[in-house]
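The following report describes selected local features of one model, taking contacts, burial, ring geometry, covalent links and backbone angles in turn.

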Amino acid sequence: MHTLFRGREAEGIVVSDKHSSGYLDEMLRSVFCGVFPGNGWGHIETPVLLGCIPVVVQDEILTPWEDVLNFSAYAVRIPRRRLHALPEILRAIPPAQVEAMQAA
């Protein structure tokens, strides 16, 4: 568990710095999924296909199709400097918008 979010599991926030054998099942049950740079975490396709809204935390790095598709219709981009506010930023997204993003 990343120290920035330690103890937040009760709030529905799970952040890990390790790979999980239940990775795909966890994504299927999640509303938001992090897309971080390095070691394979930066893939945006899997969350999109599983209905999990990608939360991209990759400053100055475009994800595939980001410059072609309406990125904000299906994903959220958060600058690294705002990572500390991640839970508040995501909770501020209205439920109707969350549903629309998952459908997109």
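Leaving aside residues up to four places away in sequence, Thr-63 touches Ile-44, Val-56, Phe-71 and Arg-77, where contact means heavy atoms within 4.5 Å. Thr-63 is placed in the loop between β2 and β3 (76-77), helices (H or I, at least four residues) and strands (E, at least two) being DSSP runs numbered from the N terminus. With a relative accessible area of 5%, Thr-63 is buried; buried means under 20% relative accessible area, exposed over 50%, and partly exposed in between, for a 1.4 Å probe and protein chains only.

The model is predicted, so that local features need pLDDT of at least 70 and side-chain atom pairs count only at pLDDT 80 or more, while totals for chains, interfaces and linings use all residues. Residues are numbered from 1 along each chain as its sequence is written, and side-chain values use heavy atoms, with hydrogens and water left out.

Phe-71, one of the residues that Thr-63 touches, also takes part in an aromatic pair. A search of the whole structure finds 1 such pair, and in it Phe-71 and Tyr-74 are arranged edge-to-face, at 5.6 Å centre to centre and with 70° between the planes. Rings of Phe, Tyr and Trp (its six-membered ring) pair if their centres lie within 6.5 Å, and planes under 30 degrees apart count as stacked, over 60 as edge-to-face and the rest as tilted.

Val-56, another residue in contact with Thr-63, lies 6.3 Å from Phe-36, C-alpha to C-alpha, although the two are 20 residues apart in sequence. Phe-36 belongs to the loop between β1 and α2.

The accessibilities of several aromatic residues are listed below.

| Residue | Relative accessible area | Class |
|---|---|---|
| Phe-71 | 10% | buried |
| Tyr-74 | 12% | buried |
| Phe-36 | 30% | partly exposed |
| Trp-65 | 56% | exposed |

A disulfide, defined as a pair of cysteine sulfur atoms within 2.5 Å, joins Cys-33 and Cys-52, with the sulfur atoms 2.0 Å apart. Cys-33 lies in strand β1 (residues 32-35) and Cys-52 in the loop between α2 (45-49) and β2 (53-56), so the pair ties together parts that are 19 residues apart in sequence. The link of Cys-33 and Cys-52 is right-handed, with 105° about the S-S bond, and both cysteines are buried.

Most residues other than glycine have a negative phi. Glu-60, however, has a positive phi of about 60°, and Trp-65 has a positive phi of about 70°. Glu-60 lies in the loop between β2 and β3, as does Trp-65, and Glu-60 is exposed at 85% relative accessible area.
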